[in-house]
Amino acid sequence: MARPGNKIIQAKLVLLGDMGTGKTSLVLRFIKGQFYDHQEPTIGAAFFTQILSLTEATVKFDIWDTAGQERYHSLAPMYYRGAAAAIVVYDISSMDTFIRAKKWVQELQRQGNQNLVMALVGNKSDLRSHREVEAEEAEQFAQESGMFHKETSAKTAQNINDLFYDIAKRLARINPPRSSGITLNHETQDKRKRFCCLG
Ligand code: GDP
């Protein structure tokens, strides 16, 4: 339950990044605590909700997990428009995905939303023996771009909860208190829906 007197923040969160970087796996690890070695590709986008209670606020995330394929690129603005937070994901074992992540960051910056909480996430940190992207390089790019950086592993769960808590905390800091009549509960609501072009 939301803590009495606690502010409630409803936040749209979008995940962007190349196909195969682990966006769906990150979300499923966060909301269900599960990981699948053979995760089905996302078609179009998938929607999830999850609630996080902090001392200072209760954050209700509306999570849009977008497909990374180039052919869906034109749909992306629909998902990041109006977003309070964005997670741009690359795979630490693929330099190509990091280059693509930088393009997503530039696209988000062109939207000019100063309050957008942006996280640059190097997923698959368990694959460090295949590392192509150094953490320092990503960290520096994140700092220059006004975002924070984390390396995660949806497979081992490393840093996954931290990532979402960090985003929630940042949202709580920038959101003015707002009263709401709705009652929220802690249950995970896995309202996964597929949009567009069901395959
Ligand atoms: P998406 O296309 O970005 O949503 O990526 P998926 O979540 O579908 O993951 C693509 C593939 O990478 C799947 O086979 C996952 O099992 C795998 N994967 C996702 N996250 C990790 C991770 O942290 N470590 C490893 N080793 N594999 C991962």
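**Close-up A. Helices H3 and H4, side by side in the predicted model.** Here H3 (residues 95-110) packs against H4 (residues 135-144), and the axes sit 12 Å apart at an angle of about 5°. With a cut-off of under 35 degrees for the label, that makes H3 roughly parallel to H4. On the H3 side, look for Met95, Phe98, Lys102 and Val105. They meet Glu137, Ala138 and Phe141 from H4. Sort the contact of H3 with H4 by class and you get five nonpolar residues, two charged ones and no polar ones.

**Close-up B. Helices H1 and H5, crossing.** Helix H1 covers residues 23-32 and helix H5 covers residues 160-174. Their axes come within 9 Å and cross at roughly 85°. That angle falls in the 65 to 115 range, so H1 and H5 count as roughly perpendicular to each other. Leu26, Arg29 and Phe30 make the contact from the H1 side, while H5 brings in Ile160, Asn161 and Phe164. The tally for the contact of H1 with H5 is four nonpolar residues, one polar and one charged.

**Close-up C. The ligand and the residues around it.** There are 19 residues around the ligand. Gly20, Lys23, Ser25, Tyr36 and Asp126 come nearest. For backbone partners, check glycine 22, where a polar backbone atom is 3.0 Å from an oxygen atom of the ligand. Threonine 21 also has a backbone N or O atom placed 3.3 Å from a ligand oxygen. For lysine 155, a backbone N or O atom likewise lies 3.3 Å from an oxygen atom of the ligand. As for burial, the ligand has 580 Å² of accessible area on its own, and the protein covers 87% of that.

**Close-up D. Methionine 19 in its loop.** Methionine 19 belongs to the loop that runs between strand E1 (7-17) and H1. Leaving aside residues up to four places away in sequence, methionine 19 touches Gly68 and Gln69. Glutamate 70 is worth finding in this view too: it is 51 residues from methionine 19 along the chain, yet the two C-alpha atoms are separated by 8.7 Å.

Conventions. Residues are numbered from 1 along each chain as its sequence is written. This is a predicted model: local features need pLDDT of at least 70, side-chain atom pairs count only at pLDDT 80 or more; totals for chains, interfaces and linings use all residues. Side-chain values use heavy atoms; hydrogens and water are left out. Axes are lines fitted to C-alpha atoms, for helices over the stretch in contact, and angles run from 0 to 180 degrees between N-to-C directions. Helices (H or I, at least four residues) and strands (E, at least two) are DSSP runs, numbered from the N terminus. Angles under 35 degrees count as roughly parallel, over 145 as roughly antiparallel, 65 to 115 as roughly perpendicular and the rest as oblique. Contact means heavy atoms within 4.5 Å. Ala, Val, Leu, Ile, Met, Phe, Trp, Tyr, Cys and Pro count as nonpolar, Asp, Glu, Lys and Arg as charged, and the others, Gly among them, as polar. A residue is near a molecule or strand if one of its heavy atoms lies within 4 Å of it. A polar contact is a pair of N or O atoms within 3.5 Å; within protein, one must be able to donate a hydrogen and the other to accept it, and residues adjacent in sequence count only if both atoms are side-chain atoms. Accessible areas come from the Shrake-Rupley method with a 1.4 Å probe; for residues, only the protein chains shown count as cover.
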